[in-house]
Amino acid sequence: MLIALAAGPQSTVELDSATGVRRGRLETLLKILAVDGVVTKDGTRWASTGETYVHNTTKWDTLTRMRRAEADLMRQYAHGQGCLMAYLQQALDDPSPAQCGRCSVCTGALPQPGLAPAAEWLEAARAFSRGVDIVIEPRKLWPQGVGRRGRIAGLLEGRAVAFADDPGWGEALRDLQRSGYGTLPEPLVGGAVEVLRRWAKVWSQRPAAVVPAAAFGAQGEANRRLAVEIARIGRLEMLDVLRWEGEALGSDLSSGPAVRHLESAIVLGAPVEPLPGPVLLCAASMRSGWALTVCAALLHEAGVRGSMPLVIHRLP
Ligand SMILES: [Zn+2]
């Protein structure tokens, strides 16, 4: 980044495409460098001050240790491994923390619904969480410096079964993540069918076919298995036309470099016959949504009216 700034002041957008560092991380980095007096902000642009950056290893190591110790303290508090009042006193640097004798740890009695809520409460909470619609809004514009320009065509609104560490799907979601999104736990496939059933009441056009989204390695296989199941249950045609060729997508890339990689990795492997409606684009997981966007663009360019993403796990 400092090399990029050596050429003169730059905006965050310019630095983003020059370095390929994700926006949030880039801004944190700039703020830290500004505190150290290495960069300065002038209006909307960042400039180098000419000061050399010296990494103070001792300072950052100490800071990391302090933050870890604080996190441990919070974990112990949450797990009730001691008087809750004493933890607060300790966190506020009280020199003589003492047992209060009144909190739930000291008395051993939790307020309603207690430590273990009744099974029907748990079931009701799970059913509620699973019944919430998770809408995937289509991305609108291509980032700068990629093969396509301007407005994104061919991508319609989508649905996900679970978002982040969704409480409705705790165990099944952990199984899915442990497998690296390579296997699909049965309850989540059932969840996808439920999502479709609710979605069918409000969608403007019924999908005419199911397409597995292209993904690297085992994830591509999982997308295909999901599409096969959905095609079978929904009695829809399955169009396995997208292919992933080349390396996996690196993590932590900003939009421009990520889309450039996806545009070279995802290809249409077969022609698509004219369809009477849009397609369901199936994927086991999504984060930025750029892979689905590139898949939808390729399908659109091949004559498909629109792609409706159906995703098992949407990551934050
Ligand atoms: Zn206490």
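Start by selecting Ser11: across from it stands Arg45, in strand E3. This is a predicted model, where local features need pLDDT of at least 70, side-chain atom pairs count only at pLDDT 80 or more, and totals for chains, interfaces and linings use all residues. Residues are numbered from 1 along each chain as its sequence is written, and side-chain values use heavy atoms, leaving out hydrogens and water.

Now show all of E3, residues 45–48, plus E1: two bridges join this antiparallel pair. (Strands are DSSP E runs of at least two residues and helices are H or I runs of at least four, numbered from the N terminus; two strands pair if DSSP finds at least two bridges between them.) Add E2 and you have an open antiparallel sheet, ordered E1-E3-E2. E1 (10–11) and E2 (39–42) are its edge strands, each pairing on one side only.

Next stop: the largest nonpolar core, with 36 residues. Such a core is a set of buried Ala, Val, Leu, Ile, Met, Phe, Trp, Tyr and Cys residues joined through side-chain atoms within 4.5 Å, where buried means under 20% relative accessible area with a 1.4 Å probe, counting protein chains only. Pick Trp142, Val211 and Ile266, which are among the residues touching the most other members. Colour helix H12 (290–301) as well, since it gives the most to this core, eight residues.

Zoom in on Ile266: its contacts (heavy atoms within 4.5 Å) include Leu242, Trp244, Val294 and Leu298, not counting residues up to four places away in sequence.

Finally, select Met85 in helix H5 (84–91).

Notes
Buried means under 20% relative accessible area, exposed over 50%, partly exposed in between (1.4 Å probe, protein chains only).
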